Amino acid sequence: MTGVADVARRVLMITGAIDTTDHDVSVSVSLPAAGRWQVIKSETNLTDQTWVAMQAVLDEDSVFLDDEPLMSPQFAKSFMTPDQRRLTFYDGEVRPGEAVLKTYSMEAGGDKPTYFYSRYSPIATDSTEQSSQTLEELVTNGMSQRPVIELIVPVTVLG
(Lines give C-alpha, C1' and ligand atoms only; values in the text may rest on other atoms or scores of the structure.)
Protein backbone atom coordinates (compact mmCIF):
# COMPACT_ATOMS: atom_id res chain seq x y z
CA MET A 1 0.00 0.00 0.00
CA THR A 2 1.05 3.57 -0.59
CA GLY A 3 -0.38 7.02 0.04
CA VAL A 4 -0.23 10.64 -1.08
CA ALA A 5 -1.24 13.59 1.10
CA ASP A 6 -2.25 16.82 -0.63
CA VAL A 7 -1.69 19.40 2.11
CA ALA A 8 -3.42 22.29 0.31
CA ARG A 9 -6.64 20.30 -0.17
CA ARG A 10 -6.30 18.18 3.01
CA VAL A 11 -6.83 15.02 0.96
CA LEU A 12 -5.20 11.65 1.72
CA MET A 13 -5.21 9.10 -1.10
CA ILE A 14 -4.29 5.50 -0.29
CA THR A 15 -4.09 2.59 -2.70
CA GLY A 16 -2.99 -1.02 -2.53
CA ALA A 17 -4.19 -4.59 -2.33
CA ILE A 18 -5.34 -7.07 0.31
CA ASP A 19 -4.48 -10.75 -0.06
CA THR A 20 -5.62 -12.23 3.24
CA THR A 21 -8.98 -13.54 4.38
CA ASP A 22 -7.99 -14.73 7.85
CA HIS A 23 -6.54 -11.49 9.22
CA ASP A 24 -7.57 -7.91 9.85
CA VAL A 25 -5.23 -5.21 8.62
CA SER A 26 -3.94 -2.44 10.88
CA VAL A 27 -2.96 0.55 8.77
CA SER A 28 -0.81 3.39 10.14
CA VAL A 29 -0.09 6.52 8.12
CA SER A 30 2.14 9.52 8.81
CA LEU A 31 0.24 12.69 7.99
CA PRO A 32 1.89 16.10 7.59
CA ALA A 33 -0.45 17.39 10.34
CA ALA A 34 -3.29 16.33 12.59
CA GLY A 35 -6.80 17.57 11.85
CA ARG A 36 -9.46 17.06 9.24
CA TRP A 37 -8.62 14.94 6.18
CA GLN A 38 -10.73 13.67 3.31
CA VAL A 39 -9.67 10.10 2.59
CA ILE A 40 -9.90 8.43 -0.80
CA LYS A 41 -8.98 4.77 -0.47
CA SER A 42 -8.77 2.15 -3.18
CA GLU A 43 -7.76 -1.46 -2.75
CA THR A 44 -7.89 -4.59 -4.83
CA ASN A 45 -9.33 -7.88 -3.56
CA LEU A 46 -6.56 -10.42 -4.18
CA THR A 47 -8.33 -13.13 -2.17
CA ASP A 48 -10.53 -15.92 -3.48
CA GLN A 49 -13.58 -14.65 -1.57
CA THR A 50 -16.23 -12.04 -2.32
CA TRP A 51 -16.38 -9.23 0.25
CA VAL A 52 -19.93 -8.11 1.10
CA ALA A 53 -19.02 -5.68 3.90
CA MET A 54 -15.97 -3.67 4.89
CA GLN A 55 -15.38 -2.12 8.30
CA ALA A 56 -12.84 0.42 9.53
CA VAL A 57 -12.25 1.23 13.21
CA LEU A 58 -10.16 4.31 14.01
CA ASP A 59 -7.74 4.69 16.90
CA GLU A 60 -8.87 6.36 20.15
CA ASP A 61 -7.63 9.81 19.06
CA SER A 62 -9.48 9.98 15.71
CA VAL A 63 -13.09 9.99 14.47
CA PHE A 64 -14.93 9.68 11.19
CA LEU A 65 -16.92 12.78 10.22
CA ASP A 66 -20.53 12.53 9.13
CA ASP A 67 -20.86 16.01 7.63
CA GLU A 68 -19.33 14.88 4.33
CA PRO A 69 -20.66 12.13 2.05
CA LEU A 70 -19.58 8.59 2.89
CA MET A 71 -19.34 6.80 -0.40
CA SER A 72 -18.37 3.60 -2.12
CA PRO A 73 -19.67 2.73 -5.59
CA GLN A 74 -19.44 -0.96 -4.66
CA PHE A 75 -21.66 -0.63 -1.57
CA ALA A 76 -25.12 0.95 -1.39
CA LYS A 77 -25.13 1.60 2.36
CA SER A 78 -22.88 2.74 5.16
CA PHE A 79 -23.22 2.74 8.95
CA MET A 80 -21.28 4.85 11.44
CA THR A 81 -21.44 4.24 15.19
CA PRO A 82 -22.56 7.12 17.45
CA ASP A 83 -18.98 7.52 18.77
CA GLN A 84 -17.86 7.96 15.12
CA ARG A 85 -14.99 5.48 15.47
CA ARG A 86 -16.43 2.59 13.42
CA LEU A 87 -17.58 2.86 9.80
CA THR A 88 -19.04 -0.05 7.84
CA PHE A 89 -19.82 -0.17 4.13
CA TYR A 90 -22.28 -2.92 3.13
CA ASP A 91 -25.08 -3.96 0.73
CA GLY A 92 -22.80 -4.68 -2.21
CA GLU A 93 -19.84 -6.80 -3.12
CA VAL A 94 -16.22 -6.81 -4.20
CA ARG A 95 -15.35 -9.99 -6.08
CA PRO A 96 -11.88 -11.52 -6.34
CA GLY A 97 -9.69 -9.39 -8.61
CA GLU A 98 -11.94 -6.32 -8.34
CA ALA A 99 -11.04 -2.99 -6.77
CA VAL A 100 -13.12 -1.13 -4.19
CA LEU A 101 -13.18 2.65 -3.77
CA LYS A 102 -14.21 4.37 -0.53
CA THR A 103 -14.31 8.03 0.41
CA TYR A 104 -14.86 9.51 3.83
CA SER A 105 -13.59 12.28 6.07
CA MET A 106 -11.85 11.92 9.40
CA GLU A 107 -10.54 14.13 12.17
CA ALA A 108 -7.10 12.80 13.06
CA GLY A 109 -6.16 13.56 16.66
CA GLY A 110 -2.48 13.19 15.85
CA ASP A 111 -0.24 12.96 12.82
CA LYS A 112 -0.02 9.14 12.90
CA PRO A 113 -3.62 7.83 12.84
CA THR A 114 -4.19 4.08 12.80
CA TYR A 115 -7.24 2.12 11.81
CA PHE A 116 -8.17 -1.56 11.75
CA TYR A 117 -9.74 -2.82 8.57
CA SER A 118 -11.98 -5.89 8.38
CA ARG A 119 -13.85 -7.54 5.54
CA TYR A 120 -16.78 -9.94 5.69
CA SER A 121 -17.36 -12.74 3.21
CA PRO A 122 -20.40 -15.00 3.58
CA ILE A 123 -19.74 -18.59 4.55
CA ALA A 124 -20.42 -20.83 1.54
CA THR A 125 -22.55 -23.26 3.57
CA ASP A 126 -24.82 -20.53 5.00
CA SER A 127 -28.23 -19.97 3.48
CA THR A 128 -29.08 -16.56 2.05
CA GLU A 129 -31.20 -15.91 5.15
CA GLN A 130 -28.33 -16.88 7.49
CA SER A 131 -25.89 -14.65 5.58
CA SER A 132 -28.31 -11.70 5.71
CA GLN A 133 -28.82 -12.15 9.45
CA THR A 134 -25.06 -12.42 10.08
CA LEU A 135 -24.41 -9.30 8.01
CA GLU A 136 -27.10 -7.35 9.90
CA GLU A 137 -25.53 -8.36 13.23
CA LEU A 138 -22.02 -7.44 12.02
CA VAL A 139 -23.16 -3.99 10.89
CA THR A 140 -24.93 -3.34 14.21
CA ASN A 141 -22.37 -4.88 16.59
CA GLY A 142 -19.15 -4.67 14.60
CA MET A 143 -16.95 -7.42 13.27
CA SER A 144 -14.96 -9.45 15.77
CA GLN A 145 -11.28 -8.72 15.62
CA ARG A 146 -9.17 -11.44 14.06
CA PRO A 147 -5.38 -11.74 14.13
CA VAL A 148 -3.87 -8.54 12.78
CA ILE A 149 -1.33 -7.78 10.07
CA GLU A 150 0.23 -4.37 10.72
CA LEU A 151 1.11 -2.07 7.83
CA ILE A 152 2.87 1.26 7.89
CA VAL A 153 1.83 3.02 4.71
CA PRO A 154 4.42 5.39 3.25
CA VAL A 155 2.88 8.77 2.43
CA THR A 156 4.27 11.20 -0.13
CA VAL A 157 3.45 14.80 0.79
CA LEU A 158 2.39 17.25 -1.95
CA GLY A 159 2.18 20.99 -1.54
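A pocket is an open set of grid points with protein on both sides within 12 Å along at least five of seven lines, and its lining residues have an atom within 4 Å of a point. In this predicted model, the largest pocket holds about 200 Å³ of space. The model also has an open sheet of 6 strands, 1 cavity of 30 Å³ or more and 2 aromatic pairs.

**The largest pocket**

- The residues that line the largest pocket are Thr20, Thr21, Gln49, Trp51, Ser118, Arg119, Tyr120, Ser121, Leu138, Met143, Ser144 and Arg146.
- Sorted by class, this lining has 6 polar, 4 nonpolar and 2 charged residues.
- Strand 10 gives the most to the lining of the largest pocket, with 3 residues.

**The sheet**

- The order of the strands in the open sheet is 7-8-5-10-3-11, and their pairing is mixed.
- Strand 7 (75-80) and strand 11 (148-153) each have a single partner strand, so one side of each is left without a neighbour in the sheet.
- From one strand to the next, the twist averages 20°.
- Strand 10 (residues 114-120) pairs with strand 3 (residues 24-29) in the antiparallel sense, over 4 bridges.
- Within strand 10, phenylalanine 116 is the residue that stands opposite serine 26.

**The helix across the sheet**

- Helix 1 (residues 128-141) lies across four strands: strand 5 (51-58), strand 7, strand 8 (86-94) and strand 10.
- The helix runs at about 155° to strand 8.

**Aromatic pairs**

- The structure holds 2 aromatic pairs.
- One of them joins phenylalanine 64 and tyrosine 104, whose ring centres are 5.2 Å apart; the ring planes stand at 80°, so the pair is edge-to-face.
- Phenylalanine 64 belongs to strand 6 (residues 63-65) and tyrosine 104 to strand 9 (residues 99-108), so this pair ties together parts that are 40 residues apart in sequence.

**The cavity**

- General background: empty space left among the atoms is shown by rolling a probe the size of a water molecule over them.
- The largest cavity has a volume of about 40 Å³.
- Its lining is made up of Leu12, Ile14, Val29, Val39, Tyr104, Met106, Pro113 and Tyr115.
- Strand 2 (11-18) and strand 9 are the elements that give two or more residues to this lining.
- By class, the lining of the largest cavity has 8 nonpolar residues, no polar residues and no charged residues.
- Tyr104 thus appears under two topics: it lines the largest cavity, and its ring pairs with that of phenylalanine 64.

How values were computed: Residues are numbered from 1 along each chain as its sequence is written. This is a predicted model: local features need pLDDT of at least 70, side-chain atom pairs count only at pLDDT 80 or more; totals for chains, interfaces and linings use all residues. Side-chain values use heavy atoms; hydrogens and water are left out. Two strands pair if DSSP finds at least two bridges between them. Axes are lines fitted to C-alpha atoms, for helices over the stretch in contact, and angles run from 0 to 180 degrees between N-to-C directions. Contact means heavy atoms within 4.5 Å. On a 1 Å grid over the protein atoms alone, a cavity is a set of points where a 1.4 Å probe fits but cannot get out, and a pocket is an open set with protein on both sides within 12 Å along at least five of seven lines; lining residues have an atom within 4 Å of a point. Grid points are joined across faces, edges and corners, and a volume is the space filled by probe spheres set on the points. Ala, Val, Leu, Ile, Met, Phe, Trp, Tyr, Cys and Pro count as nonpolar, Asp, Glu, Lys and Arg as charged, and the others, Gly among them, as polar. Rings of Phe, Tyr and Trp (its six-membered ring) pair if their centres lie within 6.5 Å; planes under 30 degrees apart count as stacked, over 60 as edge-to-face and the rest as tilted.
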